[in-house]
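Open the model in your viewer and keep the selection box ready. We will go from stop to stop.

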Amino acid sequence: MIKAVRGVHDILPAEAAAWQHVEATARQVLETHGYREIRLPIFERTELFARGIGEVTDIVQKEMYTFEDRAGDSLTLRPEATASLLRAYIEHGLHVQPKPVRLYTMGPMFRYERPQAGRYRQFHQLDVEALGEEHPAVDAELMMMLVELFRALRLADRLQLEVNSIGDAACRPAYRERLAAWLRARAGELCEECRGRIDRNPLRVLDCKNPACRPLLDTAPAIRDALCAPCAEHFARVQRYLDASGLSYVVNPRLVRGLDYYVRTTFELTTTDLGAQNAVAGGGRYDGLIEHLGGPPEAGNGFAIGLERVVLLLGRQQAVEAARPVALLIPLGEAALTRLLPLAEAARSRGVAVDLGYGARRLRAELERANKLGIGHAVIVGDEELTRGEATVRSMTTGQQRGVPLDKLPDELAALRGQP
Ligand code: HAM
């Protein structure tokens with residue numbers, strides 16, 4: 001038997017209803033906030049991600065699915081959506097629209113990570129971007145919308161919003177140097193992974209999850225105290241807007257994120273319910289990235305939600321039921337099948353879900369099938385019924401039966417909707 005590749009997973013019919021519920025809720029919340037959908041390809045030129053996400057990030061160095069196509073071009077399965085979305089934004093001149101340009105996209109992403117619960121090599125994101133607006137209200141509005149989406153899914157009380165500012169090109173380089181020097185002086189007390197990062201990407205050291213490193217790292221110089229005046233003002237305003245909205249959040253000075261494009265605001269939505277994979281969503285501001293990718297010098301801001309993690313949080317108790325057929329139509333024989341097929345279609349075209357036997361099984365077997373599928377009514381049509389021009393409608397719960405004229409059957413089935 002050929003099995004699925006390690007780290008990728010099927011979304012089986014039993015889970016699909018929960019996915020649809022999350023997606024429909026997200027679309028509703030996003031659209032009331034003025035976001036419009038954009039659909040993007042799942043592979044791009046490798047250089048887009050190398051330039052967009054940053055050469056020295058884990059994603060670009062270790063996690064990309066990169067291959068050559070038959071023409072010898074280097075292509076990569078997208079590890080995230082921001083770089084692709086900005087590529088499309090620039091390529092199609094979407095920046096001429098009134099700002100901010102609000103866009104979202106959903107779909108699979110690919111990262112060669114070590115698979116574990118909540119972490120996959122193919123996973124799905126809902127990615128949201130607000131482009132071309134520098135105002136700090138955008139940062140706050142995005143976070144408010146993110147929390148609103150989880151409120152609509154009744155998950156907000158299991159999540160915490162963490163916020164930080166990591167400065168910009170004016171203040172971060174000096175902080176970076178100071179932090180690297182501080183870490184170098186204490187390298188002996190840090191794990192191997194941290195030591196490897198001191199020179200390459202010292203801010204990422206702050207994010208180390210190793211419990212042996214944590215006490216020391218908690219005493220490292222915080223970027224909050226090193227922000228330049230404009231960055232400090234921006235962060236203060238973001239917090240003021242969040243406070244005014246009554247949103248609860250914590251400032252986490254170690255929230256640095258794993259992608260290189262962020263400036264100023266970064267944020268994550270975290271949970272303690274998913275073990276090691278505690279981030280359900282993450283994002284921040286990336287002013288300058290659009291220009292870096294060949295577009296105009298514009299601001300940008302956004303987040304992505306890991307949809308597998310949302311579905312895991314929804315769990316079984318809240319599992320959303322798939323729509324069940326209201327009735328199983330059971331023709332007993334070929335003539336009855338020929339009569340019932342168009343009646344089933346007539347009901348379906350009115351939005352009523354029905355299931356249809358094909359006349360090849362005995363009545364008892366069909367009734368058992370209705371029970372197994374949890375269908376509330378059986379509609380039986382044999383030769384006798386055909387002569388009378390009627391169907392027998394049987395309640396699977398009480399066993400009660402009554403006759404219904406065949407030409408009234410679609411109306412009758414519509415009326416059964418919502419009844420047990
Ligand atoms: P990210 O933090 O790399 O950000 O990913 C966002 C979310 O995707 C994570 O919080 C997590 O829920 C989910 N995720 C990431 N990797 C995996 C995985 N291997 N398996 C399952 N879920 C995963 C970004 O991707 C940025 N592009 C977000 C952004 C948009 N920033 C600005 N705009």
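Which ligand atom does a polar side-chain atom of Y261 lie 2.9 Å from? Select Y261 and the ligand: the partner is a nitrogen atom of the ligand. This pair is a polar contact, meaning N or O atoms within 3.5 Å; within protein, one must be able to donate a hydrogen and the other to accept it, and residues adjacent in sequence count only if both atoms are side-chain atoms.

Before moving on, note that this is a predicted model: local features need pLDDT of at least 70, side-chain atom pairs count only at pLDDT 80 or more, and totals for chains, interfaces and linings use all residues. Residues are numbered from 1 along each chain as its sequence is written, and side-chain values use heavy atoms, with hydrogens and water left out.

**Around the ligand**

Stay on the ligand. Now add F303: a polar backbone atom of F303 is 3.4 Å from a nitrogen atom of the ligand. Next, add G306. One of its backbone N or O atoms lies 3.4 Å from an oxygen atom of the ligand. Then widen the selection to every residue with a heavy atom within 4 Å of the ligand. You should find 27 residues around the ligand. The closest are E80, E113, Y120, E129 and Y262.

**Helix 1 and helix 12**

Helices here are DSSP runs of H or I with at least four residues, strands are runs of E with at least two, and both are numbered from the N terminus. Select residues 13–32 for helix 1 and 307–314 for helix 12. They pack at about 115 degrees, with axes 10 Å apart. Axes are lines fitted to C-alpha atoms, for helices over the stretch in contact, and angles run from 0 to 180 degrees between N-to-C directions. Helix 1 and helix 12 are therefore roughly perpendicular. Angles of 65 to 115 degrees get that label; under 35 is roughly parallel, over 145 roughly antiparallel, and the rest oblique.

Show side chains. A18, W19, H21 and V22 of helix 1 contact L307, E308, V310, V311 and L314 of helix 12. Contact means heavy atoms within 4.5 Å. The residues here divide into seven nonpolar, one polar and one charged. Ala, Val, Leu, Ile, Met, Phe, Trp, Tyr, Cys and Pro count as nonpolar, Asp, Glu, Lys and Arg as charged, and the others, Gly among them, as polar.

**Helix 5 and helix 10**

Select 136–152 and 229–245. Helix 5 and helix 10 pack at about 40 degrees, their axes 8 Å apart. The two are therefore oblique to each other. On helix 5, find P136, A137, D139, A140, M143 and M144. They meet H234, R237, V238, Y241, L242 and S245 of helix 10. By class, this contact has eight nonpolar, two polar and two charged residues.

**Helix 13 and helix 16**

Select 334–349 and 409–416. The axes of helix 13 and helix 16 come within 9 Å and cross at roughly 45 degrees. L340, L343, A346 and A347 in helix 13 meet L409, P410 and L413 in helix 16. What classes do you find there? Seven residues are nonpolar, with no polar and no charged ones.

**Two loop stops**

Select K99 and P100: the peptide bond between them is cis, with omega near -5 degrees. P100 is in the loop between helix 4 and strand 5. Finish at R257, in the loop between strand 8 and strand 9. Its phi is near 70 degrees, a positive value in a residue other than glycine.
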